[in-house]
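Biologist: Could you take me on a close walk through one part of this structure, the place where the two chains meet? I am new to this, so please go strand by strand.

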There are 2 protein chains.
Amino acid sequence: MNLNKNKEIILASNSPRRKFFFELIDLPFTIKSFETKEIYPKDLKGASIARYIATKKASPFKKIIKKNQIVITADTIVWHQNKCLGKPKSKNQAKEMLKSLSGKTHEVITAVGFLTFDNFKCIDVTTKVTFKEISESLIEDYIKEQNPFDKAGGYAIQESIGILGITKIVGSYSNVVGFPVSEVVDEIEKLSSNK
Amino acid sequence: MNLNKNKEIILASNSPRRKFFFELIDLPFTIKSFETKEIYPKDLKGASIARYIATKKASPFKKIIKKNQIVITADTIVWHQNKCLGKPKSKNQAKEMLKSLSGKTHEVITAVGFLTFDNFKCIDVTTKVTFKEISESLIEDYIKEQNPFDKAGGYAIQESIGILGITKIVGSYSNVVGFPVSEVVDEIEKLSSNK
(Lines give C-alpha, C1' and ligand atoms only; values in the text may rest on other atoms or scores of the structure.)
Protein backbone atom coordinates (compact mmCIF):
# COMPACT_ATOMS: atom_id res chain seq x y z
CA MET A 1 0.00 0.00 0.00
CA ASN A 2 1.09 3.48 -0.84
CA LEU A 3 0.63 4.97 2.61
CA ASN A 4 2.46 7.98 3.91
CA LYS A 5 3.68 7.11 7.37
CA ASN A 6 4.33 10.73 8.27
CA LYS A 7 0.63 11.31 8.83
CA GLU A 8 -0.51 10.77 12.38
CA ILE A 9 -3.73 8.77 12.37
CA ILE A 10 -6.23 9.01 15.19
CA LEU A 11 -9.04 6.47 15.27
CA ALA A 12 -11.92 8.14 17.09
CA SER A 13 -13.70 4.96 18.14
CA ASN A 14 -13.68 2.76 21.21
CA SER A 15 -15.01 -0.25 19.29
CA PRO A 16 -12.66 -3.21 19.77
CA ARG A 17 -13.80 -4.55 16.37
CA ARG A 18 -12.74 -1.34 14.60
CA LYS A 19 -9.43 -1.39 16.46
CA PHE A 20 -8.85 -5.00 15.36
CA PHE A 21 -9.50 -4.13 11.71
CA PHE A 22 -7.35 -1.03 11.88
CA GLU A 23 -4.45 -3.05 13.19
CA LEU A 24 -4.45 -5.02 9.92
CA ILE A 25 -3.67 -1.84 8.01
CA ASP A 26 0.07 -1.44 8.22
CA LEU A 27 0.00 2.03 9.81
CA PRO A 28 0.61 3.31 13.32
CA PHE A 29 -2.44 4.91 14.93
CA THR A 30 -3.71 6.03 18.30
CA ILE A 31 -7.20 5.93 19.72
CA LYS A 32 -8.89 9.01 21.10
CA SER A 33 -12.58 9.69 21.21
CA PHE A 34 -15.04 12.05 22.81
CA GLU A 35 -18.44 10.93 24.01
CA THR A 36 -21.05 11.80 21.39
CA LYS A 37 -24.78 11.37 21.84
CA GLU A 38 -26.05 9.29 18.96
CA ILE A 39 -29.10 11.46 18.31
CA TYR A 40 -30.11 12.89 14.94
CA PRO A 41 -32.87 14.93 13.30
CA LYS A 42 -36.03 12.85 12.86
CA ASP A 43 -36.38 13.49 9.15
CA LEU A 44 -33.07 11.83 8.26
CA LYS A 45 -33.16 8.43 6.57
CA GLY A 46 -30.68 5.62 5.86
CA ALA A 47 -27.09 6.64 5.11
CA SER A 48 -27.83 10.28 6.09
CA ILE A 49 -28.21 9.18 9.70
CA ALA A 50 -24.86 7.39 9.83
CA ARG A 51 -23.19 10.33 8.05
CA TYR A 52 -24.76 12.81 10.48
CA ILE A 53 -23.40 10.92 13.50
CA ALA A 54 -19.95 10.26 11.98
CA THR A 55 -19.74 14.00 11.25
CA LYS A 56 -20.83 14.87 14.79
CA LYS A 57 -18.15 12.56 16.21
CA ALA A 58 -15.51 14.58 14.31
CA SER A 59 -16.75 17.91 15.62
CA PRO A 60 -14.79 18.05 18.95
CA PHE A 61 -11.54 17.45 17.03
CA LYS A 62 -11.95 20.47 14.76
CA LYS A 63 -10.38 22.89 17.23
CA ILE A 64 -7.48 20.67 18.24
CA ILE A 65 -6.44 18.90 15.05
CA LYS A 66 -2.84 19.45 13.88
CA LYS A 67 -1.54 19.77 10.33
CA ASN A 68 -0.16 16.25 10.01
CA GLN A 69 -3.13 14.48 11.57
CA ILE A 70 -6.05 12.47 10.15
CA VAL A 71 -8.94 11.79 12.51
CA ILE A 72 -11.16 8.88 11.51
CA THR A 73 -14.68 8.60 12.91
CA ALA A 74 -17.30 5.97 12.16
CA ASP A 75 -20.92 5.15 12.79
CA THR A 76 -22.81 1.98 11.89
CA ILE A 77 -26.58 1.71 11.72
CA VAL A 78 -29.07 -0.95 10.74
CA TRP A 79 -31.73 0.32 8.34
CA HIS A 80 -34.79 -1.90 8.15
CA GLN A 81 -38.32 -1.39 6.91
CA ASN A 82 -37.75 2.35 6.66
CA LYS A 83 -36.55 2.56 10.28
CA CYS A 84 -33.18 2.97 11.93
CA LEU A 85 -32.40 0.24 14.46
CA GLY A 86 -29.89 1.55 16.97
CA LYS A 87 -28.42 -0.25 19.96
CA PRO A 88 -31.17 -1.95 21.96
CA LYS A 89 -31.73 -0.53 25.43
CA SER A 90 -33.34 -3.59 27.03
CA LYS A 91 -33.62 -7.35 26.57
CA ASN A 92 -37.14 -6.90 25.27
CA GLN A 93 -36.07 -4.33 22.73
CA ALA A 94 -33.21 -6.60 21.58
CA LYS A 95 -35.70 -9.45 21.18
CA GLU A 96 -38.12 -7.29 19.17
CA MET A 97 -35.31 -6.06 16.91
CA LEU A 98 -34.05 -9.57 16.19
CA LYS A 99 -37.59 -10.84 15.57
CA SER A 100 -38.12 -8.03 13.06
CA LEU A 101 -34.90 -9.02 11.22
CA SER A 102 -35.84 -12.73 11.09
CA GLY A 103 -36.61 -14.03 7.60
CA LYS A 104 -35.91 -10.65 5.99
CA THR A 105 -33.19 -8.54 4.36
CA HIS A 106 -31.92 -5.35 6.00
CA GLU A 107 -29.16 -2.88 5.28
CA VAL A 108 -26.09 -2.25 7.41
CA ILE A 109 -24.71 1.20 6.71
CA THR A 110 -21.40 2.50 8.02
CA ALA A 111 -20.35 6.09 7.51
CA VAL A 112 -16.68 6.92 7.99
CA GLY A 113 -15.47 10.50 8.46
CA PHE A 114 -11.95 11.69 7.60
CA LEU A 115 -11.04 14.96 9.29
CA THR A 116 -7.82 16.70 8.27
CA PHE A 117 -6.53 20.16 9.24
CA ASP A 118 -8.36 21.88 6.42
CA ASN A 119 -11.02 19.45 5.25
CA PHE A 120 -13.66 16.91 6.26
CA LYS A 121 -14.82 14.10 4.03
CA CYS A 122 -17.40 11.42 4.76
CA ILE A 123 -18.02 8.18 2.87
CA ASP A 124 -20.73 5.58 3.43
CA VAL A 125 -20.87 1.90 2.56
CA THR A 126 -24.00 -0.27 2.51
CA THR A 127 -24.20 -4.06 2.80
CA LYS A 128 -27.44 -6.03 2.44
CA VAL A 129 -27.84 -8.78 5.01
CA THR A 130 -30.43 -11.58 4.89
CA PHE A 131 -31.46 -13.59 7.94
CA LYS A 132 -33.33 -16.85 7.59
CA GLU A 133 -36.29 -17.42 9.92
CA ILE A 134 -34.69 -17.61 13.35
CA SER A 135 -36.46 -19.23 16.28
CA GLU A 136 -37.37 -17.41 19.48
CA SER A 137 -35.21 -19.84 21.44
CA LEU A 138 -32.14 -18.97 19.35
CA ILE A 139 -32.86 -15.27 19.91
CA GLU A 140 -33.31 -15.78 23.65
CA ASP A 141 -30.13 -17.86 23.99
CA TYR A 142 -28.20 -15.20 22.10
CA ILE A 143 -29.47 -12.37 24.28
CA LYS A 144 -28.68 -14.40 27.41
CA GLU A 145 -25.19 -15.49 26.38
CA GLN A 146 -23.88 -12.57 24.35
CA ASN A 147 -24.14 -8.80 24.61
CA PRO A 148 -26.58 -7.30 22.09
CA PHE A 149 -26.59 -3.87 23.80
CA ASP A 150 -23.54 -2.34 22.14
CA LYS A 151 -24.52 -3.40 18.63
CA ALA A 152 -26.76 -1.64 16.13
CA GLY A 153 -29.70 -3.94 15.41
CA GLY A 154 -28.82 -6.03 18.47
CA TYR A 155 -26.54 -8.56 16.74
CA ALA A 156 -23.00 -9.09 15.50
CA ILE A 157 -22.46 -11.03 12.26
CA GLN A 158 -19.40 -12.76 13.76
CA GLU A 159 -21.32 -14.10 16.78
CA SER A 160 -23.49 -17.21 17.00
CA ILE A 161 -26.76 -15.67 15.81
CA GLY A 162 -25.02 -14.10 12.81
CA ILE A 163 -23.19 -17.26 11.81
CA LEU A 164 -26.21 -19.53 12.30
CA GLY A 165 -28.87 -17.13 11.05
CA ILE A 166 -27.43 -15.07 8.19
CA THR A 167 -27.78 -16.86 4.87
CA LYS A 168 -26.62 -14.15 2.51
CA ILE A 169 -24.82 -10.84 2.40
CA VAL A 170 -24.35 -8.57 -0.58
CA GLY A 171 -21.45 -6.16 -0.19
CA SER A 172 -18.55 -5.71 2.22
CA TYR A 173 -18.29 -8.11 5.17
CA SER A 174 -16.07 -5.90 7.32
CA ASN A 175 -18.66 -3.14 6.86
CA VAL A 176 -21.21 -5.30 8.68
CA VAL A 177 -18.73 -5.82 11.52
CA GLY A 178 -18.54 -2.02 11.71
CA PHE A 179 -15.69 -0.81 9.53
CA PRO A 180 -15.41 -1.03 5.70
CA VAL A 181 -11.65 -1.71 5.77
CA SER A 182 -10.98 -1.79 2.04
CA GLU A 183 -12.74 1.54 1.42
CA VAL A 184 -11.03 3.15 4.44
CA VAL A 185 -7.60 2.15 3.08
CA ASP A 186 -8.48 3.69 -0.30
CA GLU A 187 -9.35 7.00 1.38
CA ILE A 188 -6.21 7.03 3.54
CA GLU A 189 -4.15 6.41 0.40
CA LYS A 190 -5.78 9.41 -1.27
CA LEU A 191 -5.20 11.63 1.76
CA SER A 192 -1.60 10.47 2.04
CA SER A 193 -0.84 11.26 -1.58
CA ASN A 194 -2.01 14.86 -1.02
CA LYS A 195 1.43 15.66 0.36
CA MET B 1 -33.43 -25.45 16.73
CA ASN B 2 -35.34 -28.65 16.33
CA LEU B 3 -32.40 -31.02 16.49
CA ASN B 4 -32.60 -34.60 17.61
CA LYS B 5 -29.79 -35.12 20.08
CA ASN B 6 -30.01 -38.90 19.80
CA LYS B 7 -28.19 -38.83 16.49
CA GLU B 8 -24.44 -39.21 16.75
CA ILE B 9 -22.77 -36.69 14.48
CA ILE B 10 -19.32 -37.27 13.05
CA LEU B 11 -17.61 -34.35 11.37
CA ALA B 12 -15.20 -35.84 8.85
CA SER B 13 -12.90 -32.85 8.58
CA ASN B 14 -9.68 -31.79 10.26
CA SER B 15 -10.23 -28.12 9.41
CA PRO B 16 -10.09 -26.01 12.58
CA ARG B 17 -12.39 -23.48 10.89
CA ARG B 18 -15.09 -26.12 10.29
CA LYS B 19 -14.71 -27.34 13.87
CA PHE B 20 -15.15 -23.78 15.17
CA PHE B 21 -18.36 -23.32 13.16
CA PHE B 22 -19.71 -26.70 14.15
CA GLU B 23 -19.22 -25.86 17.81
CA LEU B 24 -21.74 -23.02 17.40
CA ILE B 25 -24.44 -25.52 16.49
CA ASP B 26 -25.79 -26.74 19.78
CA LEU B 27 -25.09 -30.45 19.13
CA PRO B 28 -22.45 -32.86 20.37
CA PHE B 29 -20.15 -34.19 17.66
CA THR B 30 -16.89 -36.01 17.23
CA ILE B 31 -14.22 -35.61 14.58
CA LYS B 32 -12.99 -38.54 12.55
CA SER B 33 -11.61 -38.43 9.06
CA PHE B 34 -9.70 -40.59 6.63
CA GLU B 35 -7.08 -39.22 4.32
CA THR B 36 -8.59 -38.65 0.87
CA LYS B 37 -6.64 -37.59 -2.18
CA GLU B 38 -8.27 -34.49 -3.58
CA ILE B 39 -8.12 -35.65 -7.21
CA TYR B 40 -11.07 -35.71 -9.61
CA PRO B 41 -11.88 -36.48 -13.26
CA LYS B 42 -10.60 -33.75 -15.56
CA ASP B 43 -13.92 -33.12 -17.25
CA LEU B 44 -15.66 -31.99 -14.04
CA LYS B 45 -16.41 -28.31 -13.59
CA GLY B 46 -17.40 -25.99 -10.71
CA ALA B 47 -19.70 -27.48 -8.06
CA SER B 48 -19.32 -30.99 -9.55
CA ILE B 49 -15.68 -31.03 -8.42
CA ALA B 50 -16.50 -30.12 -4.81
CA ARG B 51 -19.38 -32.64 -4.80
CA TYR B 52 -17.12 -35.36 -6.19
CA ILE B 53 -14.53 -34.85 -3.45
CA ALA B 54 -17.11 -34.49 -0.63
CA THR B 55 -18.64 -37.78 -1.84
CA LYS B 56 -15.23 -39.45 -1.98
CA LYS B 57 -14.50 -38.34 1.59
CA ALA B 58 -17.67 -40.16 2.74
CA SER B 59 -16.73 -43.40 1.01
CA PRO B 60 -14.55 -45.00 3.77
CA PHE B 61 -17.40 -44.52 6.26
CA LYS B 62 -19.94 -46.52 4.24
CA LYS B 63 -18.86 -49.86 5.66
CA ILE B 64 -18.61 -48.74 9.27
CA ILE B 65 -21.50 -46.31 9.76
CA LYS B 66 -24.06 -47.21 12.43
CA LYS B 67 -27.80 -46.68 12.35
CA ASN B 68 -27.88 -43.61 14.62
CA GLN B 69 -24.95 -41.84 12.98
CA ILE B 70 -24.66 -38.93 10.55
CA VAL B 71 -21.26 -38.43 8.92
CA ILE B 72 -20.67 -34.95 7.52
CA THR B 73 -17.97 -34.38 4.90
CA ALA B 74 -17.06 -31.15 3.13
CA ASP B 75 -14.91 -29.81 0.36
CA THR B 76 -14.30 -26.20 -0.63
CA ILE B 77 -12.91 -25.08 -3.98
CA VAL B 78 -12.26 -21.78 -5.68
CA TRP B 79 -13.65 -21.63 -9.22
CA HIS B 80 -12.14 -18.87 -11.33
CA GLN B 81 -11.99 -18.21 -15.06
CA ASN B 82 -13.23 -21.72 -15.80
CA LYS B 83 -10.51 -23.30 -13.65
CA CYS B 84 -10.43 -24.90 -10.22
CA LEU B 85 -7.87 -23.36 -7.87
CA GLY B 86 -6.90 -25.88 -5.23
CA LYS B 87 -4.40 -25.47 -2.41
CA PRO B 88 -1.15 -23.94 -3.72
CA LYS B 89 1.86 -26.23 -3.55
CA SER B 90 4.57 -23.56 -3.55
CA LYS B 91 5.08 -19.87 -2.77
CA ASN B 92 5.19 -19.13 -6.47
CA GLN B 93 1.93 -20.94 -7.12
CA ALA B 94 0.28 -19.08 -4.22
CA LYS B 95 1.49 -15.78 -5.67
CA GLU B 96 0.20 -16.64 -9.14
CA MET B 97 -3.19 -17.67 -7.72
CA LEU B 98 -3.57 -14.46 -5.73
CA LYS B 99 -2.49 -12.34 -8.69
CA SER B 100 -5.13 -14.05 -10.83
CA LEU B 101 -7.81 -13.23 -8.23
CA SER B 102 -6.78 -9.55 -7.93
CA GLY B 103 -9.33 -7.10 -9.33
CA LYS B 104 -11.78 -9.87 -10.27
CA THR B 105 -14.74 -11.89 -9.01
CA HIS B 106 -14.44 -15.63 -8.34
CA GLU B 107 -16.70 -18.28 -6.88
CA VAL B 108 -16.13 -20.16 -3.65
CA ILE B 109 -18.03 -23.44 -3.72
CA THR B 110 -18.43 -25.76 -0.76
CA ALA B 111 -20.06 -29.16 -1.10
CA VAL B 112 -21.24 -30.85 2.09
CA GLY B 113 -22.06 -34.56 2.20
CA PHE B 114 -24.45 -36.15 4.72
CA LEU B 115 -24.00 -39.89 5.03
CA THR B 116 -26.54 -41.88 7.05
CA PHE B 117 -26.91 -45.65 7.44
CA ASP B 118 -29.10 -45.95 4.37
CA ASN B 119 -28.58 -42.79 2.38
CA PHE B 120 -26.09 -40.20 1.13
CA LYS B 121 -27.03 -36.65 0.25
CA CYS B 122 -24.81 -33.85 -0.99
CA ILE B 123 -25.55 -30.12 -1.12
CA ASP B 124 -23.46 -27.32 -2.56
CA VAL B 125 -23.40 -23.62 -1.81
CA THR B 126 -21.75 -20.92 -3.94
CA THR B 127 -20.60 -17.46 -2.85
CA LYS B 128 -19.24 -14.84 -5.23
CA VAL B 129 -16.18 -13.01 -3.92
CA THR B 130 -14.69 -9.84 -5.41
CA PHE B 131 -11.12 -8.71 -4.75
CA LYS B 132 -10.02 -5.17 -5.51
CA GLU B 133 -6.65 -4.75 -7.25
CA ILE B 134 -4.15 -5.98 -4.68
CA SER B 135 -0.49 -5.02 -4.83
CA GLU B 136 2.33 -7.53 -5.20
CA SER B 137 3.79 -6.35 -1.89
CA LEU B 138 0.51 -7.16 -0.08
CA ILE B 139 0.50 -10.61 -1.71
CA GLU B 140 4.15 -11.21 -0.77
CA ASP B 141 3.64 -10.07 2.84
CA TYR B 142 0.63 -12.34 3.13
CA ILE B 143 2.48 -15.39 1.79
CA LYS B 144 5.42 -14.65 4.12
CA GLU B 145 3.36 -14.07 7.26
CA GLN B 146 0.40 -16.42 6.89
CA ASN B 147 -0.06 -19.91 5.57
CA PRO B 148 -1.69 -20.01 2.11
CA PHE B 149 -0.90 -23.70 1.56
CA ASP B 150 -3.89 -25.27 3.30
CA LYS B 151 -6.43 -22.98 1.66
CA ALA B 152 -8.19 -23.36 -1.69
CA GLY B 153 -7.20 -20.37 -3.82
CA GLY B 154 -4.35 -19.57 -1.43
CA TYR B 155 -6.23 -17.18 0.87
CA ALA B 156 -8.61 -17.05 3.81
CA ILE B 157 -11.32 -14.36 3.88
CA GLN B 158 -10.79 -13.88 7.61
CA GLU B 159 -7.06 -13.17 7.29
CA SER B 160 -5.34 -9.89 6.38
CA ILE B 161 -5.46 -10.26 2.61
CA GLY B 162 -9.16 -11.14 2.73
CA ILE B 163 -10.09 -8.28 5.04
CA LEU B 164 -8.00 -5.69 3.20
CA GLY B 165 -8.60 -6.95 -0.33
CA ILE B 166 -12.16 -8.27 -0.58
CA THR B 167 -14.61 -5.50 -1.38
CA LYS B 168 -17.77 -7.53 -1.95
CA ILE B 169 -19.26 -10.93 -1.39
CA VAL B 170 -22.62 -12.19 -2.62
CA GLY B 171 -23.89 -15.16 -0.66
CA SER B 172 -22.97 -16.95 2.55
CA TYR B 173 -19.92 -15.71 4.45
CA SER B 174 -19.32 -18.91 6.42
CA ASN B 175 -19.32 -20.76 3.09
CA VAL B 176 -16.24 -18.79 2.06
CA VAL B 177 -14.54 -19.72 5.34
CA GLY B 178 -15.28 -23.35 4.39
CA PHE B 179 -18.60 -24.39 5.88
CA PRO B 180 -22.08 -23.05 5.00
CA VAL B 181 -23.34 -23.23 8.58
CA SER B 182 -26.93 -22.15 8.02
CA GLU B 183 -27.50 -24.66 5.20
CA VAL B 184 -25.82 -27.45 7.20
CA VAL B 185 -28.15 -26.81 10.14
CA ASP B 186 -31.17 -27.01 7.81
CA GLU B 187 -30.03 -30.41 6.53
CA ILE B 188 -29.34 -31.78 10.01
CA GLU B 189 -32.83 -30.65 11.04
CA LYS B 190 -34.34 -32.57 8.13
CA LEU B 191 -32.32 -35.70 8.91
CA SER B 192 -33.24 -35.47 12.59
CA SER B 193 -36.94 -35.25 11.85
CA ASN B 194 -36.81 -38.46 9.75
CA LYS B 195 -37.53 -40.85 12.64
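Modeller: Happy to! Please keep in mind that this is a predicted model. Let's begin inside chain A and work our way outwards to the meeting place. Find strand β5 of chain A, residues 105-116, which is joined to β6(A) by 12 bridges, with the two strands running antiparallel. To see one of these pairings, look at A:Thr110, whose bridge partner in β6(A) is A:Val125. If you follow the chain from β5(A) into β6(A), you pass through 2 residues between them, and the two strands form a hairpin.

Now stay on β6(A), which covers residues 119-131, and look for its pairing with β7(A): the two are antiparallel and share 4 bridges. Here A:Val129 has A:Ile169 of β7(A) as its bridge partner. Keep your eye on A:Ile169, for this residue also stands opposite B:Gly171 in β7(B). With that step we have crossed from chain A into chain B.

The crossing itself is made by β7(A), residues 166-171, and β7(B), which run antiparallel and are joined by 3 bridges. Another pairing you can pick out there is A:Gly171 with its bridge partner B:Ile169. Place this next to the pairing of A:Ile169 with B:Gly171, and you have a nice pattern to look at on your screen.

How does one chain map onto the other? A rotation of 180°, with 0.0 Å of shift along its axis, superposes chain B on chain A with an RMSD of 0.0 Å. The two copies are thus related as by a two-fold rotation axis. If you would like to find that axis, go to B:Val170, the residue of chain B that comes closest to it, with its C-alpha at 2.2 Å.

Let's now widen the view to the whole contact, to which chain B and chain A bring 22 residues each. On chain B, the side that touches chain A draws at least two residues from each of α1 (16-24), α5 (160-165), β7 (166-171), α6 (173-177) and α7 (181-193). Of these, β7(B) gives the most, with 6 residues. Sorted by character, that side of chain B has 12 nonpolar, 8 polar and 2 charged residues. Finally, 100% of the interface residues of chain B are also interface residues in chain A, so the copies meet through the same surface.

Conventions: Residues are numbered from 1 along each chain as its sequence is written. Chains are lettered from A and ligands numbered from 1 in the order in which they are written. This is a predicted model: local features need pLDDT of at least 70, side-chain atom pairs count only at pLDDT 80 or more; totals for chains, interfaces and linings use all residues. Copies are superposed by least squares on the C-alpha atoms of residues with pLDDT of at least 70 in both. Two residues are in contact if their C-beta atoms, placed from the backbone, lie within 7 Å. Ala, Val, Leu, Ile, Met, Phe, Trp, Tyr, Cys and Pro count as nonpolar, Asp, Glu, Lys and Arg as charged, and the others, Gly among them, as polar. Two strands pair if DSSP finds at least two bridges between them.
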